[in-house]
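Colleague: Please take me through one part of this model at close range. I would like the strand pairing, the aromatic contacts beside it and the charged pairs in one connected account.

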Amino acid sequence: MQYQIQGDTLPIVICQLDNGEKMITEKGSMAWMSPNMQMETSTNGGIGKAFGRFFSGESIFQNIYTSQGGPGMIAFASSFPGSIRPFQVSAGQEYIFQKSAFLASEASVELSTFFQKKFASGLFGGEGFIMQKVSGEGIVFAEFDGHIVEYDLTPGQQMVIDTGYLAAMTASCSIEIVSVPGVKNMLFGGEGIFNTLITGPGHIWLQTMPISAVAGVLRPYFPASSR
């Protein structure tokens, strides 16, 4: 499979497939394709994995596209202004994504649910509680909100992130939801009650415009009946 990512703030990834190659995506992500691409909708792994994807912000069903009778082409578009990034997944090189980040992948990549280890803190920590884990072998494309800033964390090095700004991290990093220190800071600081604490070693991708933050800014301007 060969691919090319085009576009700046509204990107799209165009994939060129050999005969018989397959791509997996969530419903609604396919933008255009050649006529010889055959689509099959499936739970892709059974009910258990399907409901796991549901809790991580994805659809229960996935669409599997197969190039038949020769080379094929298929394009997957982002759903929000931001970035599309490719990740090479292999044994020992797995990634954790924010909810709904998965865009498409080769059929040999597996998407599962990643739960915050500390249930209580994760439950009240919002977006950091349930994330996505990609494993297996192959290329996966993820869509992130806004621009991406990357950091390499050494063993034991930490980064405190406002919940929602963590786009992805290597599975070698550990994640914890922590309370903002001080009651006054929680109530009047305007930064929320919880932060995400990432500990290295590993690589992290941070997004500059989480869709949840955009929704919060726009909410006061919506008519009361639409809230």
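Modeller: Start with strand β3 (residues 22-26), which pairs with β10 in the antiparallel sense over 3 bridges. Strands here are DSSP runs of E, at least two residues long, numbered from the N terminus. Two of them count as paired if DSSP finds at least two bridges between them. Before going on, note that this is a predicted model: local features need pLDDT of at least 70, side-chain atom pairs count only at pLDDT 80 or more, and totals for chains, interfaces and linings use all residues. Residues are numbered from 1 along each chain as its sequence is written, and side-chain values use heavy atoms, with hydrogens and water left out.

Back to the strand pair. M23 has E106 in β10 as its bridge partner. Strand β10 covers residues 102-106. It is mostly covered, with 5 of its 5 residues buried. Buried means under 20% relative accessible area, exposed means over 50%, and partly exposed lies in between (1.4 Å probe, protein chains only).

β10 has a further partner. It pairs with strand β13 (residues 138-145), again in the antiparallel sense and over 3 bridges. There A104 has F141 in β13 as its bridge partner.

Now the open sheet. It is formed by 6 strands in the order β11-β12-β9-β16-β19-β14, with antiparallel pairing. At the edges are β11 (109-115) and β14, each pairing on one side only. From one strand to the next, the twist averages 20 degrees. Axes for that angle are lines fitted to C-alpha atoms, and angles run from 0 to 180 degrees between N-to-C directions. On the β14 side, 6 bridges join β14 to β19, and the two run antiparallel. One opposite pair there is I148 with Q207 in β19.

Next, the rings. The whole structure holds 8 aromatic pairs. Rings of Phe, Tyr and Trp (its six-membered ring) pair if their centres lie within 6.5 Å; planes under 30 degrees apart count as stacked, over 60 as edge-to-face and the rest as tilted. Take F87 with F97. Their ring centres are 5.0 Å apart and their planes are at 55 degrees, so this pair is tilted. F87 sits in strand β8 (residues 82-89) and F97 in strand β9 (residues 95-97), so the contact ties together parts 10 residues apart in sequence. F87 counts as buried at 4% relative accessibility. F97 is buried too, at 0%.

F87 also meets W205. Here the centres are 5.0 Å apart and the planes are at 70 degrees, so the pair is edge-to-face. W205 lies in strand β19 (residues 202-207) and F87 in β8, so this contact ties together parts 118 residues apart in sequence. Both F87 and W205 are buried. Step back, and ring pairs link F87, Y95, F97, F144 and W205 into a cluster.

Then the charged pairs. A search of the whole structure finds 2 salt bridges. The test is a side-chain nitrogen of Lys or Arg within 4 Å of a carboxyl oxygen of Asp or Glu. R85 forms one with E150, and their closest N and O atoms are 2.7 Å apart. R85 belongs to strand β8 and E150 to strand β14 (residues 148-153), so the bridge ties together parts 65 residues apart in sequence. R85 is partly exposed, at 24%. E150 is partly exposed as well, at 36%.

E94 and K133 also meet in a salt bridge, at 3.3 Å from N to O. E94 is in the loop between β8 and β9 and K133 in strand β12 (residues 130-136), so the pair ties together parts 39 residues apart in sequence. E94 counts as partly exposed at 25% relative accessibility. K133 is partly exposed at 26%.

A lysine to set beside K133 is K99, in the loop between β9 and β10. The C-alpha atoms of K99 and K133 are separated by 9.7 Å, with these positions 34 residues apart along the chain. K99 counts as partly exposed at 38%.

Last, the cysteines. The search finds 0 disulfides, meaning pairs of cysteine sulfur atoms within 2.5 Å. C15 is buried at 0% relative accessibility. C173 is buried at 7%.

Notes. Helices (H or I, at least four residues) and strands (E, at least two) are DSSP runs, numbered from the N terminus.
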